[in-house]
Amino acid sequence: MLVYPSGVDVSSSALRFLTQQLRRHRRAIGSRWRCLTAGRQALLTLAHLRMGHTYAQLAAGFGIGTTTAYRYVTEAVELLAALAPGLTDAVRTASAKAYLILDGTLLPIDRIAADRPFYSGKHKKHGMNVQILADPFGRLLWASPALPGAVHDIRAAREHGIIDALAEADVPCWADKAYRGTGGTVRIPCWGRWETLSTGQQAVNRSHAKIRALVEQAVATLKSWRLLRRLRCSTTRITSLVQAILTLHLTSSE
């Protein structure tokens with residue numbers, strides 16, 4: 001395998017943060033010797049998450065075994081995922097904001113046609129459903145655990161307790177028509193075909209669309225980590241990957 005120098009478009013603050021967490025973890029478990037320093041392990045993990053490089057590619061680039069690369073990345077991802085904010089923390093932070101924007105996104109996975117629970121009829125592909133909360137400027141605040149792609153957005157929001165948490169905190173939330181019937185503080189566009197809506201309802205829907213469109217920035221932020229654009233790992237690991245990326249994003253944006 002050929003090896004060449006490359007770059008990773010991630011903030012240096014994210015690298016420093018992960019390096020610090022790994023050093024603390026190594027001291028806590030009494031790890032004496034590793035193939036890579038904490039800084040190199042952090043860089044290895046960022047390259048995997050941001051660029052989507054395979055373990056074989058990472059192993060060749062860092063001069064270690066494929067199994068070692070897998071262990072190092074898994075260790076770092078679990079550390080980061082444990083630091084991710086929960087829904088309660090996110091809503092508490094959002095209580096100081098005027099409103100939130102809620103939306104769901106599908107993370108494509110590598111599955112065969114027989115895996116129906118993971119097939120999204122809306123997107124016509126297999127994937128995992130992740131709910132996203134963004135602030136009024138479209139900045140990513142929180143990402144939910146991953147559910148099979150066949151789960152509808154409104155069901156996912158209820159299972160994660162998003163609707164109840166927002167209602168309890170009395171935080172207004174904008175969402176699309178997929179959340180019809182949620183109640184609480186969630187606001188959706190006026191229902192019906194465009195031509196059947198009144199002039200006032202059409203104006204409301206235009207305004208609603210302009211506000212809700214900003215959530216696409218948060219979705220793009222999450223998927224700027226290329227690993228999430230096509231996941232080939234076990235579906236049981238996807239939640240940890242999403243939570244690890246959320247932690248890195250929030251850390252580097254502070």
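Two strands are said to pair if DSSP finds at least two bridges between them, and helices (H or I, at least four residues) and strands (E, at least two) are themselves DSSP runs, numbered from the N terminus. The model is predicted, so that local features need pLDDT of at least 70 and side-chain atom pairs count only at pLDDT 80 or more, while totals for chains, interfaces and linings use all residues. Residues are numbered from 1 along each chain as its sequence is written, and side-chain values use heavy atoms, with hydrogens and water left out.

A convenient place to begin is strand β1. This strand, residues 100-108, is largely enclosed by the rest of the structure, because nine of its nine residues are buried, where buried means under 20% relative accessible area, exposed over 50%, and partly exposed in between (1.4 Å probe, protein chains only). Leu 100, Leu 102, Gly 104, Leu 106 and Pro 108 point one way from β1, whereas Ile 101, Asp 103, Thr 105 and Leu 107 point the other way, and all are buried. Strand β3 (residues 125-134) runs antiparallel to β1 and is joined to it by eight bridges; in this pairing Leu 102 has Leu 133 of β3 as its bridge partner. With strand β6 (residues 173-174), β1 pairs in the parallel sense over two bridges, and there the partner of Ile 101 is Trp 174.

From the strands we turn to helix α5, residues 87-94, in which Leu 87, Ala 90, Val 91 and Ala 94 are buried. Seen down the axis of α5, these buried residues fall within an arc of 95°, so they line one face of the helix, the arc being that of the directions from the helix axis to the C-beta atoms. Thr 88 and Arg 92 are exposed residues carried on the face of α5 that is turned away from its buried side. The cover over the buried residues of α5 includes β1, β3, β4 (140-143) and α7 (162-169).

Two further helices meet elsewhere. Two packed helices are described by the angle between their axes and the distance between the axes. Helix α4 (residues 66-82) packs with α10 at an angle of about 65°, with their axes 7 Å apart, which makes α4 roughly perpendicular to α10. Axes here are lines fitted to C-alpha atoms, for helices over the stretch in contact, with angles running from 0 to 180 degrees between N-to-C directions; angles under 35 degrees count as roughly parallel, over 145 as roughly antiparallel, 65 to 115 as roughly perpendicular and the rest as oblique. At this packing, Val 77, Leu 80 and Ala 81 in α4 meet residues of α10 including Leu 241, Ala 244 and Leu 248, with contact meaning heavy atoms within 4.5 Å.

Helix α10, residues 238-253, also holds Ile 245, which counts as buried at 1% relative accessibility. Leaving aside its neighbours within four places in sequence, Ile 245 is in contact with Leu 49, Leu 222, Trp 225 and Leu 228. The C-alpha atoms of Ile 245 and Ala 143 are separated by 9.5 Å, although the two residues are 102 apart along the chain.

Two loop residues complete the tour. Lys 124, in the loop between β2 (119-120) and β3, has a phi near 60°, a positive value in a residue other than glycine, and is exposed, with a relative accessible area of 58%. Asp 170, in the loop between α7 and β6, has a positive phi of about 60° although it is not a glycine, and Asp 170 is exposed with a relative accessible area of 58%.
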